[in-house]
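Reader: Could you take me through one part of this protein up close? I'd like a bench-level tour of a single spot, and then how the rest of the chain sits around that spot.

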Amino acid sequence: MEKPRVLLTRKWPESVEKAAAELFDVTYNPDDRPMTQSEMRSALESYDAVLATVTDDVKEGTFTNLKPMARILANYGVGFSHIDIEGARAAGITVTNTPDVLNDCTADLAMTLLMMAARRAGEGEREVRAGKWTGWRPTHMVGTSVTGKTLGIIGFGRIGQAMARRAHFGFGMKVLVQSRSPVDPAVLGETGAVQVATVEDLLPQCDFISLHCPGGAVNKHLIDARRLDLMKPTAILVNTARGEVVDEAALVDALKNGVIAGAGLDVFEAEPSIHPGLLECENAVLLPHMGSSTRETRVGMGMRALKNIQQFFDGAEPDDKVN
Ligand code: DGY
């Protein structure tokens, strides 16, 4: 029997590309270039499966008048706000993602950003590398303590919960949670977390806010000028979710005018472009979307995507079907 023809839209970890080749007739992307929408449309019309990721344009328009050969679009990544899920469903295409395998890794990076922003680690490193450090003194690079402070988590799925564990068990932080649906009291109890009703209730009470909600239209600019204004002037905002969740222009104003004290960002509204104002903010820590970037996790994500298409071609419903 012929192997299904599958396209990997980006370069994947070598061990996963090898595993893919044993199971499928694979086309690789040796240039590792993101796909445009028209390239994505041709791919969906020419392969049995397309294994895409966050940098590919699979937004509105991709599925309009498409004559797909592919019946499955397996996303390498947990977030899928870059995919027109309804359009895919209407075109008869199953979409899957790769949850679970990146929970700890992403929460680790959120905690890294929180610590870096609190302790001004980016500023300090820049000072040392620029040869501008003049030595220890009591008033040099004074940041803010983390231990015992209050962390507000917006979106309490698996990554948000992993963040709560780090904050509670590692740093004795009090955890407040805002989530659309009621969180199981047993899950809250694990970290002594308390759920509050609204984002407006959460923001004024917290020293740190960490975003772990999905992106997409529903959460676009969830954190805007009005809500930044509700945060404490000493507070720090951390975003490892999706860039569109924060109004970047409003955040630049808030960082420049002392509305909040700092930010740690791993995701941006127009990646890989960064709002020029953010680059001017010493109180912002900026990382290039690397929440899931450990060897173990990137292999885990690839294997999970392969498992999803294998299940699909075996006639089963993939574990991680999202539409
Ligand atoms: C994810 O898994 O959603 C990462 O952000 C990469 O897309």
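Author: Let's go straight to Glu-86 and Arg-89, which form a salt bridge whose closest N and O atoms are 2.5 Å apart. Keep in mind that this is a predicted model. The two residues are 3 apart in helix H3 (residues 85-90), so about one helical turn separates them. A search of the whole structure turns up 19 salt bridges, and the Glu-86 to Arg-89 pair is one of the pairs that fit the rule.

Now zoom out to the domains. The assignment for the protein chain gives domain 1 as 5-101 + 295-313, and domain 2 as 103-286. Taken over C-alpha atoms, the centres of domain 1 and domain 2 are 31 Å apart. Where the domains touch, 8 residues come from domain 1 and 8 residues from domain 2. The area buried between them is about 580 Å², and carbon and sulfur atoms give 45% of that. On the domain 1 side, Ser-81, Asp-100 and Thr-297 supply 62% of the area buried against domain 2, more than any other three residues.

One name there is worth following up. Asp-100 is in a salt bridge with Arg-158, with the closest N and O atoms 3.1 Å apart. Between domain 1 and domain 2 the count is 1 salt bridge. There are also 3 residue pairs in polar contact between the two domains, counting pairs with both residues at pLDDT 80 or more. Sorted by class, the domain 1 side that touches domain 2 has 4 nonpolar, 3 polar and 1 charged residues.

What about rings? The count comes to 3 aromatic pairs. Take Trp-12 and Tyr-76: their ring centres are 4.8 Å apart and their planes sit at 50°, so the pair is tilted. Trp-12 lies in the loop between strand E1 (5-8) and helix H1 (14-23), while Tyr-76 lies in strand E4 (residues 72-76), so this pair ties together parts that are 64 residues apart in sequence.

Over to another tryptophan. Trp-133 is in the loop between helix H5 (121-129) and strand E6 (150-154). Leaving out residues up to four places away in sequence, Trp-133 touches Glu-127, Val-128 and His-140. Gln-178 is another story: it is 45 residues from Trp-133 along the chain, and their C-alpha atoms are separated by 41 Å.

Last, a couple of backbone spots to click on. Most residues other than glycine have a negative phi, and most peptide bonds are trans. Asp-32 has a positive phi, near 55°, and is not a glycine. You'll find Asp-32 in the loop between strand E2 (25-27) and helix H2 (37-46). Glu-271 and Pro-272 are joined by a cis peptide bond, with omega about 0°. Pro-272 has its place in the loop between strand E11 (262-265) and helix H11 (276-280).

Notes
Residues are numbered from 1 along each chain as its sequence is written. This is a predicted model: local features need pLDDT of at least 70, side-chain atom pairs count only at pLDDT 80 or more; totals for chains, interfaces and linings use all residues. Side-chain values use heavy atoms; hydrogens and water are left out. Domain bounds come from an automatic or database domain assignment. Contact means heavy atoms within 4.5 Å. Buried area is the accessible area (1.4 Å probe) that two parts lose on being put together, summed over both. A salt bridge is a side-chain nitrogen of Lys or Arg within 4 Å of a carboxyl oxygen of Asp or Glu. A polar contact is a pair of N or O atoms within 3.5 Å; within protein, one must be able to donate a hydrogen and the other to accept it, and residues adjacent in sequence count only if both atoms are side-chain atoms. Ala, Val, Leu, Ile, Met, Phe, Trp, Tyr, Cys and Pro count as nonpolar, Asp, Glu, Lys and Arg as charged, and the others, Gly among them, as polar. Rings of Phe, Tyr and Trp (its six-membered ring) pair if their centres lie within 6.5 Å; planes under 30 degrees apart count as stacked, over 60 as edge-to-face and the rest as tilted. Helices (H or I, at least four residues) and strands (E, at least two) are DSSP runs, numbered from the N terminus.
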